[in-house]
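User: I am new to this structure and would like to understand the words used to describe it. Could you take me through them with the reasons behind each one?

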Amino acid sequence: MILIDILEEHIEEADFLWQQRKNALSDRAYNLDDLAELEERLLAHLDGLVSGGNEAWKLLEPMLSSGEEGEVFTAAFVALASNDPSKIDLVFKTFSDAEGNVLNGICYAFKHTMNPDVENILRALLNSDNERNLAPIIDSLSFRRVPIDAAKLQTLLNNKDTQIAAAALRAVGRLRIKQLLEQAERLLDHEV
């Protein structure tokens, strides 16, 4: 029997630790050992929620589309870790119209999930004609070090949408695409 109180505590702690982790990344007082400890504690709560199965999902599902960033991350991460096609589809459907906290939380889950299928889905979205949330797709793929076609990135570097161009620029650096470095440097030197 799964106790709802324990699942709720896992959710609260995961949200809290997510915020702590996010703050730690920009706080010089934290070192790698401190960050590793936060990561370990966060993953323990996420594992508890994954183990909670459908009972945990009943609590998390509403948070996926309307929670705080850490709650959205937690819900999306657990859904992706479940390997349940209906939950994964819901994450991607929510992502397609997401903004603000919801978009950020789902993107962080894309970046950190252990589910390799996410890469194939994101790659398919990258190659679709829909530019909605294209910047977060590029950012998530490059964060995961998934190769992106250099010709595609070159086109994206010149996109009129500055968020898409900036994501492409980050991808060039993360993926170390040498043939685009000169163009990337020119864009960085260009004053807006």
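Analyst: Happily; here are the terms, each set beside its definition. This is a predicted model, in which local features need pLDDT of at least 70, side-chain atom pairs count only at pLDDT 80 or more, and totals for chains, interfaces and linings use all residues. Residues are numbered from 1 along each chain as its sequence is written, and side-chain values use heavy atoms, with hydrogens and water left out.

User: What makes lysine 58 and glutamate 55 a salt bridge?

Analyst: A salt bridge needs a side-chain nitrogen of Lys or Arg within 4 Å of a carboxyl oxygen of Asp or Glu. For lysine 58 and glutamate 55 the N to O distance is 3.3 Å, so the pair fits that definition. Both belong to helix H3 (residues 53–66), three residues apart, which means about one helical turn separates them. Helices here are DSSP runs (H or I, at least four residues), numbered from the N terminus.

User: Why is lysine 58 called exposed, and what is glutamate 55 called?

Analyst: Exposed means over 50% relative accessible area, buried means under 20%, and partly exposed is in between (1.4 Å probe, protein chains only). Lysine 58 has 56%, so it counts as exposed. Glutamate 55 has 31% and is therefore partly exposed.

User: Which residues are linked in a network of salt bridges?

Analyst: The network joins Lys111, Asp139, Arg170 and Arg174. Within it, lysine 111 and aspartate 139 meet at 2.9 Å, N to O. That pair links distant parts of the chain, 28 residues apart: lysine 111 is in helix H6 (residues 100–112) and aspartate 139 in helix H8 (residues 134–143). Arginine 170 also forms a salt bridge with aspartate 139, with the closest N and O atoms 3.0 Å apart. Arginine 170 lies in helix H10 (residues 162–175), so its pairing with aspartate 139 in H8 ties together parts 31 residues apart in sequence. The whole structure has seven salt bridges.

User: Are the partners lysine 111 and aspartate 139 buried or exposed?

Analyst: Lysine 111 has a relative accessible area of 15%, so it is buried. Aspartate 139, at 11%, is buried too. Arginine 170 has 39% and is therefore partly exposed.

User: How do you know that serine 140 is buried, and what is it in contact with?

Analyst: Its relative accessible area is 0%, so serine 140 is buried. This residue lies in helix H8. Contact means heavy atoms within 4.5 Å. Leaving aside neighbours within four places in sequence, serine 140 is in contact with Cys107, Phe110, Lys111 and Leu122.

User: Why are H3 and H5 called roughly parallel?

Analyst: Helix H5 covers residues 85–96, and H3 packs with H5 at an angle of about 10°, their axes being 11 Å apart. Axes are lines fitted to C-alpha atoms, for helices over the stretch in contact, and angles run from 0 to 180 degrees between N-to-C directions. Angles under 35 degrees count as roughly parallel, over 145 as roughly antiparallel, 65 to 115 as roughly perpendicular and the rest as oblique. The angle therefore makes H3 roughly parallel to H5. Among the residues making the contact are Trp57 and Leu64 of H3 and Leu90 and Val91 of H5.

Conventions
Helix = DSSP H or I, 4+ residues; strand = E, 2+ residues; numbered from the N terminus.
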